[in-house]
Amino acid sequence: MSWKEANVTPIYKKGSRCSVSNYRQVSLTSVCCKLLEKLVRNVLLGHMIDNGILSEYQHGFVHGRSCTTQLLKVFDKWTEILDQGGAIDVVYLDFAKAFDTVPHIHLMNKLERYGVSGKLLEWIRQFLIGRKQRFGVAGSFSDWITVLSGVPQGSVLGPILFLCYINDMPDLITSMMYLYADDTKLFRRVDNDLDRRKLQKDLDQLSVWSQHEQLRFHVDKCKIMHIGGSRNPHATYTMESIHLQTTDEEKDLGVWIDSSLKPSNHVSHVVAKANQMLGLIRRTFTYMDCELMKQLFINVVRPHLEYGNVVWHPFLKQDTELIEGVLHRATRMVPGLAKLSYEERLQKMHLPSLA
């Protein structure tokens, strides 16, 4: 049945482009099926929210929650601990092929426990079983293969089914946990060895859960960040008998975070990306006027600078000047404006300053 068939397109994430594990498998499914999925999704998600079943720590694919709301919640907790003179250990957890390894039987059992039954449960079961997919690269396709587990990425219903499957994770531990779909952070205040042992116990509990649920962590990609400077004991942690790597910076839901929690590191990354886009514009367009540059800057460059700004809003003069310098460069790229002052260039292009 064509509703159960999908052409899978590999989307590059990060790391080496030669490694298959660094690509996300996105399924291109039937449009008619997606319309029906949306109806089922709304009913299922409404049931989870109205009955208080969906975890308050999950911010993915839920109306009124986003990457930004999750980061604001987390930063609020972190700054409160630091203001009290404490230190924080953060564990960035990484699932191994999370969406593709969800066992259908376990998922059906969980949905039933959440009160999903009757025709709705049977429809979801039939939606998952008997699916087929093939990989397509540059117009060439593999043979069709049968999908034995997982929820299809690229579908409308798949992400919500995944949220239901991992919904009980935060209830297993005593530390704080925040999620955006499968992007997971585990953290707690660590002032002494007892706090460290509690965090390690939570990691052990999650390892047991992952084995039982057949949803394994990619331990080699799980990392520890120590926040609090000299107040932090810089303890070591393990998962499945493997020592977790320590990191001083991590790209967390699109925002670069380092152990100092200052925005300077993120500013340098986004400014470099924005300048890269300006270079691309310079090489691509042989003709440029005020209106064209204005539209290109607003739609291509500025989103890189604005994303999540309520989380990392700069407070240092050097960071503000670095960001503003991108608009300085953009306005000078318009012929005839280079010799004007910055304020005059902005007035000519009808653009506000980034500040």
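Trainee: Which helices each supply at least two residues of the lining of the second largest pocket?

Mentor: In this predicted model, helix H8 (290-306), helix H9 (309-312) and helix H10 (317-332) each contribute at least two residues to that lining. The second largest pocket holds about 290 Å³ of space, and of the 14 residues that line it, the closest to its centre are His313, Pro314, Ile323, Leu354 and Ala355. By character, the lining divides into seven nonpolar, four polar and three charged residues.

Trainee: What is the volume of the largest pocket, and which residues are the closest to its centre?

Mentor: The largest pocket has a volume of about 1,400 Å³, and of its 37 lining residues the closest to the centre are Lys13, Lys14, Arg24, Asp94 and Asp183. Two or more lining residues come from each of strand E1 (5-12), strand E2 (23-28), strand E3 (88-93), strand E8 (183-189) and strand E13 (249-252). The lining of the largest pocket comprises 15 nonpolar, eight polar and 14 charged residues.

Trainee: Why is the pair of Tyr12 and Tyr23 called edge-to-face?

Mentor: The ring centres of Tyr12 and Tyr23 lie 5.7 Å apart, and pairing requires centres within 6.5 Å; the planes stand at 65°, and an angle over 60 degrees counts as edge-to-face, so the pair is edge-to-face. Tyr12 belongs to strand E1 and Tyr23 to strand E2, eleven residues apart, and the pair thus links distant parts of the chain.

Trainee: Are these two tyrosines, Tyr12 and Tyr23, buried or exposed, and how do you know?

Mentor: Neither word applies, because Tyr12 has 27% relative accessibility and Tyr23 has 21%, whereas buried means under 20% and exposed over 50%; Tyr12 therefore counts as partly exposed, and so does Tyr23.

Trainee: What makes the pair of Tyr178 and Phe187 stacked?

Mentor: The centres of the Tyr178 and Phe187 rings are 6.3 Å apart and their planes are at 10°; planes under 30 degrees apart count as stacked, so this pair is stacked. Tyr178 and Phe187 are both buried, and with Tyr57, Phe75 and Trp78 they form one aromatic cluster. The structure holds ten aromatic pairs.

Trainee: How do you know that Lys110 lies over the face of Tyr165?

Mentor: Lys110 is at 4.6 Å from the ring centre of Tyr165, and the distance criterion is within 6 Å, with a further condition of within 35 degrees of the ring normal. Likewise, the charged end of Arg131 sits over the ring of Phe127, 4.8 Å from its centre.

Terms used: Residues numbered from 1 in each chain as written. Predicted model: local features only at pLDDT ≥ 70, side-chain atom pairs only at ≥ 80, totals over all residues. Heavy atoms only, no water. 1 Å grid on protein atoms, 1.4 Å probe; cavity = no way out; pocket = protein on both sides within 12 Å on 5 of 7 lines; lining within 4 Å. Points joined across faces, edges and corners; volume = space filled by probe spheres on them. Helix = DSSP H or I, 4+ residues; strand = E, 2+ residues; numbered from the N terminus. Nonpolar A, V, L, I, M, F, W, Y, C, P; charged D, E, K, R; others polar. Phe/Tyr/Trp six-rings, centres within 6.5 Å; stacked < 30°, edge-to-face > 60°. Buried < 20%, exposed > 50% of the residue type's maximum accessible area, 1.4 Å probe, protein only.
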